Amino acid sequence: MTLVIRERRHKQALTLSLPKPKIPPSDFPYQTHTPPLFSSPSSHLINSCSYIRNISDLEKVAVLGHGYGGTVYKVHHKENHSFYALKVRRFKTLEAEILKRVDSPYIVKCHAVFDNGACSESDNNGGGDLSFVMEYMERGSLDDVLREHHRLPEEVISVMANRVLEGLKYLHGMKIVHRDIKPSNLLVNDKGEVKIADFGVSHVVEEEADSNDGTYAYMSPERFDLSRWGGENVDEFAGDVWSLGVVMLECFLGHFPFIDPGQKPDLVTLVCAICFGEKLEMPEEASPEFQSFVKRCLEKDWRKRATVLELLHHPFVNRNCCCSSRGLEDCVLCG
Ligand SMILES: Nc1ncnc2c1ncn2[C@@H]1O[C@H](COP(=O)(O)OP(=O)(O)OP(=O)(O)O)[C@@H](O)[C@H]1O
């Protein structure tokens, strides 16, 4: 079976600076009687890892956020009284395939996938609308956390980096390249645990993929210009390491690192900064371990960039979270 996704998205790399039209849960009009999410009798279960058998058992409770592919809802299961996040996406058969395969504490769990039966005659991209019933991550995305706290302490970044690396180790071990590691795809639960989400542009190595899928701001130099950085032999996993480095530095600085805070992140600016710009100066106030970790991720030549396994042994990720020494309430992720 060919697991190929051809949908191109994020041609404008503006997800970084554009405020998302987020509706806080408290603003969502609660209903005493919430209608089922889908009245269509054609919605049918195509995969379930749990007892979620019927999409009509889910009731909308709130809007959690909006992404490129649509709205994400907080939903309540009428029978088991648990909360889930529900995403409806078009042409996401590969995403469904990947979510079916993965099962890790470092990856947001997909409990069930429903086919809404909306595939038209002309759709030949591998499906119509799919509804993904996902683990509900109470504290939203790292993007949300950054908007609230602006910058994160190194101890917290260290714990996050460790979890993302464990998630990438797991994915890469299954030959899955995520290809869109960025703050809005790293979700946080009420225990402060960070998990990787959104396999919308992921790719199974050795199968055909469009190197332009993903979000420009977090793409590695070799993804912009394959021929300059090693042609067809490029190690695709290295692109996830680059993105991790960008995210970690963004968490430390409180803004996207490659351009000035007020600068417009259009494609030309990003390509110039990421591919042709000088190596980034590390913030002087950062610890030597943090500086070294980020430098190893942001090595422009993918052949010299650190691997996930190397980074898992890096001194920066082998620290304790602030919450283990100062109490949970002090930690911006846990508290
Ligand atoms: N499982 C979840 N639990 C809690 N909140 C979630 C969950 N999934 C998504 N969200 C919220 O919904 C927002 C939108 O998610 P979505 O995956 O649609 O888009 P995105 O990743 O922000 O952007 P895009 O998909 O366009 O790259 C997230 O930023 C997050 O705040």
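Colleague: Over residues 118-126, what does pLDDT do, and how many contacts does the model have there beyond four places in sequence?

Modeller: pLDDT is the predictor's confidence in each residue, on a scale from 0 to 100. This is a predicted model, and over residues 118-126 pLDDT stays under 50. For that stretch the model has 11 contacts beyond four places in sequence.

Colleague: What does the protein chain average in pLDDT?

Modeller: The chain average is 78, and 72% of the residues score at least 70. Residues 1-42 have a pLDDT below 50, with 87 contacts in the model beyond near neighbours in sequence. For the complex, the predictor gives an ipTM of 0.95 and a pTM of 0.79.

Colleague: How many residues surround the ligand, and which are the closest?

Modeller: A residue enters this count if one of its heavy atoms lies within 4 Å of the ligand. Here 24 residues surround the ligand, the closest being Tyr-68, Arg-89, Glu-135, Lys-182 and Asn-185. By class, the shell divides into 7 nonpolar, 8 polar and 9 charged residues. Domain 1 (35-135) and domain 2 (142-333) each supply at least three residues to the shell.

Colleague: Where does a polar side-chain atom of Arg-89 lie relative to the ligand?

Modeller: A polar contact pairs N or O atoms within 3.5 Å. In Arg-89, a polar side-chain atom lies 2.3 Å from a ligand oxygen. Met-137 uses a backbone N or O atom, 3.0 Å from a ligand nitrogen. Asp-198 has a side-chain N or O atom 3.2 Å from an oxygen of the ligand. Of the 600 Å² of accessible area that the ligand has on its own, the protein covers 96%.

Colleague: Which elements give two or more residues to the shell?

Modeller: They are β2 (58-67), β3 (70-77) and β4 (83-90). β2 gives the most, with 4 residues.

Methods: Residues numbered from 1 in each chain as written. Predicted model: local features only at pLDDT ≥ 70, side-chain atom pairs only at ≥ 80, totals over all residues. Heavy atoms only, no water. Polar contact = N/O pair within 3.5 Å; in protein donor to acceptor, adjacent residues only side chain to side chain. Areas by Shrake-Rupley, 256 points an atom, 1.4 Å probe, with all protein chains shown as cover. Nonpolar A, V, L, I, M, F, W, Y, C, P; charged D, E, K, R; others polar. Domains from an automatic or database assignment. Contact = heavy atoms within 4.5 Å.
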